[in-house]
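Thanks, everyone; I would like to take a few minutes to walk through one model and its metal sites. Please have a look at it first, and then I will start with a question.

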Amino acid sequence: MNPLEELRHSASHILATALLRIFPDAKLDIGPPTDTGFYYDVDLDHKLTTEDLAKIEAEMKKVADENQPFQRKEVSREEATEIIKKIGQERYKLGRLADIPEGEKISFYQNGEFIDLCAGTHVRYSSKLKAFKLLSIAGAYHRGDEHNKQLQRIYGTAFPTKEELAQHLERIEQAKARDHRKLGRDLKLFVIDDDVGQGLILWTPNGSIIRQELQNFISEELRKQGYSQVFTPHIGKLELYKTSGHFPYYKESQFTPVVENESLAKLLHEGCSCAEMVVRLEAVSAQLAEQINQRTGKVTITPDRVKPNDQLLDGFMLKPMNCPHHIKIFASQPHSYRDLPVRLAEFGTVYRWEQSGELNGMTRVRGFTQDDAHLFCTEEQVAAEVLGCLALVKIVLTTLGMSDYRVRVGLRDPDSNKYTGESANWDKAESACREAAKTLGVPFTEEPGEAAFYGPKIDFVIKDVIGREWQLGTVQVDYNLPVRFDLSYIGADNQPHRPVMIHRAPFGSMERFCGVLIEHFAGDFPAWLAPEQVRLVPISDKVNDYGRGLLDQLKAAGVRATLDEHSDKLGAKIRRAELDKVPYTLVLGAKEAEAQSVSVRSRAKGDEGVTPFATYLEKLKTEIATRALPEKKRPETNPPAS
Ligand SMILES: [Zn+2]
Ligand SMILES: [Zn+2]
């Protein structure tokens, strides 16, 4: 363990010490350090509350002040069993003892009256714990298995200094305030409704504006880069995914196929059982089995999965990926080398089956729309095309003020045989990805073993303003699917050649990307993205007419504006606009009406004074058209030091 992990892990021992003083019946499981702190899993009939946390934390302070030394004791397996029984911790600790392989050292650590089965390491004295805090309680299944009992997990964190702890707690507060699930509700951006289904995002009007603006922006850039827009349906025949390999290899992560009514009726007539139906659903034709086995060079499809054609069951799948549909569009026309690259783009909606425990707001969902595209090119074109994909990502991230990101190049593991395709192709594809990453001017790492099975890939990981990392989408080079679908183009030599495919969804999905953006901006979107760009706030009813006139002009200019005609006080109206995070609030009084002006309050810069309306409108139109980021408040100028 590094020193920080050591400190945090020691804190979990101190936590257990304090907990047992208050709840002597608690049965302990494990208490490891984490990236941001530590936890201890405990089995306790009493349901812990936040008041309990405060009490336990106070007791932890006492334990720390007692300056207890951590003492290691190595014992035999029999002695270990004895000790565990003596301290009454058989329920989980005996199982944990059994996990320790034969021949490995078994050790206990004791601080004060508390003794715990542990390999170490720890700080030397409990008084080293000067800055810690218990944060929350969550349910956690023993060994992460939902068939086991659910324990209570007590989370905490610890730092070497009080200052670092305070900074960390501040970051947690900021993260809470930025939580896209909370802001999504407050700003009415999206909802998830149990009747529709968990993990399925309903984009409300406000959120839809943000998504549409982003899609418009990305589409504009795609047009500049020579992409063609396509549309494809949300489902495809099972047979298609058998060819692509998505079914049944990835069936755990997909929705159950929809079997055609006619097939179902026929099966019913034959008295076919559900089990038989499942077998037939996952069966393939002898021809496809042979193709697949030949390609993989081993028996990937076992004989029991091979059925005569009339026994194969077809149906439809909610599409888990857009690739097969785009491949069929490419294959629908003959291509010459002069036509390449063909770049097909679609905001394509796909569905994946995620465990309900994995779902999280917009960032882990069951249905999502990828900013997807597939590029079909010659081998010589791969490097330039990958570069083009990266350039697009750079433009979009820069426009959104996400300047802090890193890039991961996933390469094949030279010792593994799970990758398909010839090694020479891999070398070319990998060097193309590596060269492209170099030109980005941002740090990148090469990670062997992280490639997709069909080719190397480039991932983007952005860091948000409070230092959290978010993995967005990827660019992948693929030599495999063109073989599976037998794609070809006619080369300059008049012979058929195999194209290379590039899959790219640089932002992953619109759902995830918007979720990240909500947190990145903390809901304070730049004017071009803001659902409501301008709010007109008349000081009194007398200027409502003036307000209506301005509203018409704003709308005619394509600005999303509203007029607050409520009769409450000005302060309340301004406060409401602030809560709604509207970039501009225009306050209108009699003087402004007289002079055809507005008093401008900007969310980013505060009071900007009175301006002629026409001047303001021109400035706003430019700000929106150029997709400008909000200008920061000018820093207070300090008097020069003498
Ligand atoms: Zn320990
Ligand atoms: Zn794809």
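Are histidine 9 and cysteine 118 buried or exposed? Histidine 9 is buried, and cysteine 118 is buried as well, where buried means under 20% relative accessible area, exposed means over 50%, and partly exposed lies in between, using a 1.4 Å probe and protein chains only.

Before going further, a word on conventions. This is a predicted model, in which local features need pLDDT of at least 70 and side-chain atom pairs count only at pLDDT 80 or more, while totals for chains, interfaces and linings use all residues. Residues are numbered from 1 along each chain as its sequence is written, chains are lettered from A and ligands numbered from 1 in the order in which they are written, and side-chain values use heavy atoms, with hydrogens and water left out.

Now to the zinc ion (ligand 1), whose protein donors are His9 (NE2), His13 (NE2), Cys118 (SG) and His122 (NE2), at 1.9 to 2.1 Å from the ion. Donors here are N, O and S atoms within 2.8 Å of the metal (3.2 Å for Na, K and Ca), and since water is not among the atoms, sites may look incomplete. The angles among the 4 donor atoms run from 92 to 129 degrees, and the site is tetrahedral, a label given to four donors if all angles lie between 85 and 135 degrees. For reference, the ideal angle for four tetrahedral donors is 109.5 degrees. Along the sequence, the donor residues of the zinc ion (ligand 1) are spaced H-x3-H-x104-C-x3-H. Histidine 9 in helix α1 (residues 3–22) and cysteine 118 in the loop between β5 (114–117) and β6 (131–141) are 109 residues apart, a pair that links distant parts of the chain; helices (H or I, at least four residues) and strands (E, at least two) are DSSP runs, numbered from the N terminus.

The zinc ion (ligand 2) has as its protein donors Cys323 (SG), His374 (NE2) and His503 (ND1), at 2.1 to 2.3 Å. Because cysteine 323 lies in helix α12 (residues 323–331) and histidine 374 in strand β15, this pair ties together parts 51 residues apart in sequence. Cysteine 323 counts as buried because its relative accessible area is 4%, and histidine 374 does so because its value is 1%.

Finally, threonine 378 lies in the loop between β15 (367–377) and α13 (382–399), and with a relative accessible area of 7% threonine 378 is buried.

Key
Tetrahedral: all angles 85-135°; square planar, octahedral: opposite > 155°, others 65-115°.
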